[in-house]
Structure formats: C-alpha cells, structure tokens
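Q: Please take a close look at the aromatic side chains of this structure and at the nonpolar packing around them. A single connected account would be welcome.

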Amino acid sequence: MGKSIKIARETSLGRAECDLTYPEDPLLSPRHASLEVREGKLYLKDLGSQNGTFVRQRQDSELTPGDVFLLGRELFRFTTQSLEETQGQAAPQGTMMWQGPPKFQRGPLTAKLERIKLSGEVVEEFKLDKPETTLGRTAGDLVFKDDPYMSGTHARIVAQPGRFILQDLRSRNGIYRRLRNEAELQDGDEFFLGEQLFRVEIKTL
C-alpha cells in the first residue's frame with residue numbers, strides 16, 4: 001500500500017534532488033515533474049522529462065498531432081498529414097508511402113497511429129482510415145493479444161470531420177495521455193511518471 005503526501009506548496013518529483021525523490025526508478029529524470037497549488041487548484045507540470053508524465057483520461061477527448069497515450073503497456077503516438085503534403089512526394093527506396101485521405105473525412109487530412117517505444121522509435125504504423133478504429137487485447141481493428149494489461153476492447157478512435165476523438169471503452173486500466181506542459185488535476189485523477197503511480201484526493205475546507 002502506498003503513502004499519502006500532502007501538497008501545500010510547489011513540490012518537485014524525480015530521481016534526484018527533489019522534494020519527492022525515487023532514486024531507484026531508472027525511468028525518472030532527475031527533476032521529472034512538479035505539483036503546485038494555485039488559487040485553490042492543483043496543477044501537474046512536466047519539467048521536460050525524458051520519458052514523460054501521463055494523466056489518466058477522464059472523458060472522451062480530441063487528439064492533436066503529436067499526442068502520445070498509453071493503453072495497457074502499449075505506447076502510441078497520433079500523427080496527421082495534410083493531403084497536399086502527401087501528393088507529389090517520391091517514396092524512399094523500399095519504403096511504402098503513407099498517403100490518401102480517408103474517404104469519410106471532409107478535411108484535407110490523413111491520420112495514422114504509431115506504436116512507439118519510450119525513446120520515440122516507431123515499431124508499427126496503422127492508418128486511421130475507418131470511421132471508427134477499435135483497439136483491444138481480444139477484439140477490435142488493432143489487437144494486442146500479448147498485453148495482459150489491455151482490456152478485451154479497450155479504446156476507440158472515432159473520426160469526425162477534421163478531427164479524431166479518443167474514447168475509453170470502460171477499460172480496466174484506462175487510457176493515460178502524455179502531458180504536453182501542465183494540466184489541472186481533479187479529485188480522483190490518476191497520473192504516473194516513471195514507475196510511480198499517484199491518485200489525487202482534494203479536500204475542501
């Protein structure tokens with residue numbers, strides 16, 4: 001069982017020289033993230049860490065290019081490309097060109113999902129060329145049968161005109177989205193950095 005930590009001022013978290021230090025966690029940067037109370041609200045900020053800070057998604061939310069999120073143990077990056085950029089480009093020798101807009105989409109964008117390593121290296125690429133793309137361990141358009149932390153049907157990406165929405169399908173372990181800068185935390189929110197998982201409890205006076 002974990003311990004409770006009271007946040008009354010800006011509190012840094014990391015592997016070394018922080019208010020909350022976890023020296024045995026190799027996935028943490030020396031100064032990884034910080035928590036701060038401002039005007040009665042709690043904010044989580046990533047301090048330019050190498051491996052990122054991840055917050056559990058509370059509700060359906062729009063994906064923007066470069067967004068990184070975690071399902072089970074699988075890490076994904078969402079990318080888009082304008083139709084103009086895909087036309088007239090020569091394909092490198094032996095490399096398949098990713099091009100052509102999804103037929104259902106009105107805007108001049110194509111989109112894909114990259115399964116990546118923590119380093120950002122791309123392992124696989126998947127076109128988002130359907131109105132809905134479901135991800136899971138046992139069923140869906142993209143199946144990851146060897147990931148025990150992923151639910152049978154875990155998440156879904158829904159294409160709408162000019163945008164893509166990421167939905168959690170009531171999965172057991174949720175969707176964790178990588179923080180770009182900072183985010184306000186609500187009571188019950190969960191976030192992790194390195195191998196450290198935290199749950200937020202906000203008490204009103």
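A: In this predicted model, ring pairs join F69, F76, F126 and F144 into a cluster. Two members of that cluster, F69 and F76, also belong to the largest nonpolar core, where they are among the residues with the most contacts inside it. That core comprises 19 residues, and L71, L113, L135 and I157 complete the list of its most connected members. At least two core residues come from each of the strands β7 (68–71), β8 (74–82), β9 (109–116), β13 (155–160) and β14 (163–168). Of the contributors, β13 gives the most, with 3 residues.

L113 shows how the ring cluster and the core meet. Leaving aside residues up to four places away in sequence, L113 touches three of the clustered rings, F69, F76 and F126. Its other contacts are R77, F78, E124, E125, L128, L135, L142 and I157. Charged residue types such as R77, E124 and E125 thus appear in the contact list of L113 beside nonpolar ones such as L135 and I157.

A second core, separate from the one just described, has 15 residues, including L13, L20, Y22 and L185.

The structure holds 8 aromatic pairs in total. One of them is formed by F54 and F192, whose rings are stacked with 5.0 Å between centres and 5° between planes. This pair connects distant parts of the chain, since F54 lies in strand β5 (residues 53–56) and F192 in strand β17 (residues 190–193), 138 residues apart. F54 has a relative accessibility of 3% and therefore counts as buried. F192, at 16%, also falls under the 20% limit and so counts as buried.

Aromatic rings also take part in contacts with charged groups. The charged end of R38 is placed over the ring of Y43, 4.1 Å from the ring centre. A comparable arrangement is found at Y149, where the charged end of R73 sits over the ring at 4.4 Å from its centre.

The strand arrangement may be considered last. An open sheet of 5 strands runs in the order β2-β1-β3-β4-β16, and its pairing is mixed. Its edges are formed by β2 (20–21) and β16 (182–185); each has a single partner strand, so one side of each lacks a neighbour in the sheet. The partnership between β1 (residues 11–14) and β2 is parallel and extends over 2 bridges. Within it, G14 has T21 of β2 as its bridge partner.

Definitions and conventions
Residues are numbered from 1 along each chain as its sequence is written. This is a predicted model: local features need pLDDT of at least 70, side-chain atom pairs count only at pLDDT 80 or more; totals for chains, interfaces and linings use all residues. Side-chain values use heavy atoms; hydrogens and water are left out. A nonpolar core is a set of buried Ala, Val, Leu, Ile, Met, Phe, Trp, Tyr and Cys residues joined through side-chain atoms within 4.5 Å. Buried means under 20% relative accessible area, exposed over 50%, partly exposed in between (1.4 Å probe, protein chains only). Helices (H or I, at least four residues) and strands (E, at least two) are DSSP runs, numbered from the N terminus. Contact means heavy atoms within 4.5 Å. Two strands pair if DSSP finds at least two bridges between them. Rings of Phe, Tyr and Trp (its six-membered ring) pair if their centres lie within 6.5 Å; planes under 30 degrees apart count as stacked, over 60 as edge-to-face and the rest as tilted. A charge sits over a ring if NZ of Lys or CZ of Arg is within 6 Å of the ring centre and within 35 degrees of the ring normal.
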